[in-house]
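Let's take a walk through a protein model together, one helix at a time. Keep the structure open while you read.

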Amino acid sequence: VAHRAPLALTHARTMTSAGPEDPRGYELLGEALKATNDAAGATAAFATAVRLGSTDFEPYFETARVEQNAAALADGVVEPAAARRVVNRYEQAINLHPRFRGSYENLAGVIGTADPLGPEDKRFLEQGAQLFPESPMIQLGLAQLEHRGGDKAAARTRLDRVLATLEGNSGPVAV
């Protein structure tokens with residue numbers, strides 16, 4: 001798609017016309033529109049792919065990312081119900097492509113405001129920590145879950161480990 005976006009757009013539009021209930025055409029359309037820097041069009045195509053039951057991770061990841069960023073830019077906080085929707089989409093993206101680091105890190109960035117939380121949320125971040133142990137963002141997400149779960153000592157210990165790692169990489173970190 002990236003190297004032949006106009007051709008991909010033509011094929012995607014043909015696919016969506018021929019099979020308007022098939023999410024694959026909207027997946028391709030979303031990728032092609034993203035490659036041509038049509039963010040709004042890509043988001044709409046990815047949202048349609050999600051609505052139609054896409055089995056590709058990217059529509060779930062992209063729709064979650066867009067909603068998370070829009071909420072954060074508006075007032076800096078993703079409201080609990082919106083955060084829960086975003087968390088669900090990142091977790092679906094992880095289920096479909098468990099080795100994509102961005103899904104785990106973005107999940108960690110929104111988990112602190114999601115409500116309600118479930119035990120599966122922690123399992124997703126623990127899986128991410130196993131796959132990407134060097135990611136401070138995933139560790140911070142786990143610290144938030146520990147804190148929200150009432151284990152403030154474990155959260156503080158995890159946070160201290162993250163800060164020590166960051167200090168070791170780039171000098172002291174102001175807290």
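## Two sides of H3

Ala39, Ala40 and Arg51 are exposed on one side of H3, where exposed means over 50% relative accessible area, buried under 20% and partly exposed in between (1.4 Å probe, protein chains only). On the other side, Gly41, Ala42, Ala45, Phe46, Thr48 and Ala49 are buried. They sit on the same side of H3 because they cover an arc of only 155 degrees around the axis, taken from the directions from the helix axis to the C-beta atoms. These buried residues pack against helix H2 (23–35) and H4, with contact meaning heavy atoms within 4.5 Å.

By the way, this is a predicted model: local features need pLDDT of at least 70, side-chain atom pairs count only at pLDDT 80 or more, and totals for chains, interfaces and linings use all residues. Residues are numbered from 1 along each chain as its sequence is written, and side-chain values use heavy atoms, leaving out hydrogens and water.

## Checking the helix lengths

Helices here are DSSP runs (H or I, at least four residues), numbered from the N terminus. The expected span is 1.5 Å times one less than the number of residues. For the 13 residues of H3 (residues 39–51) that gives 18 Å, and the end C-alpha atoms are 18 Å apart, which agrees. H4 has 19 residues and should span 27 Å; its end C-alpha atoms are 28 Å apart, which agrees too.

Just after H3 comes Gly53, with a positive phi of about 85 degrees. Gly76, just after H4, also takes a positive phi of about 85 degrees.

## Glu62 in H4

Is Glu62, in helix H4, buried or exposed? Glu62 counts as buried because its relative accessibility is 6%. Its side chain makes a polar contact with the side chain of Arg65 (2.6 Å); a polar contact is a pair of N or O atoms within 3.5 Å, where within protein one must be able to donate a hydrogen and the other to accept it, and residues adjacent in sequence count only if both atoms are side-chain atoms. Not counting residues up to four places away in sequence, Glu62 touches Lys34 and Phe46.

## The nonpolar core

The largest nonpolar core has 26 residues, and Tyr90, Leu107, Val110 and Leu125 have the most contacts inside it. Such a core is a set of buried Ala, Val, Leu, Ile, Met, Phe, Trp, Tyr and Cys residues joined through side-chain atoms within 4.5 Å. H5 gives the most to this core, with seven residues.

Notes
Helices (H or I, at least four residues) and strands (E, at least two) are DSSP runs, numbered from the N terminus.
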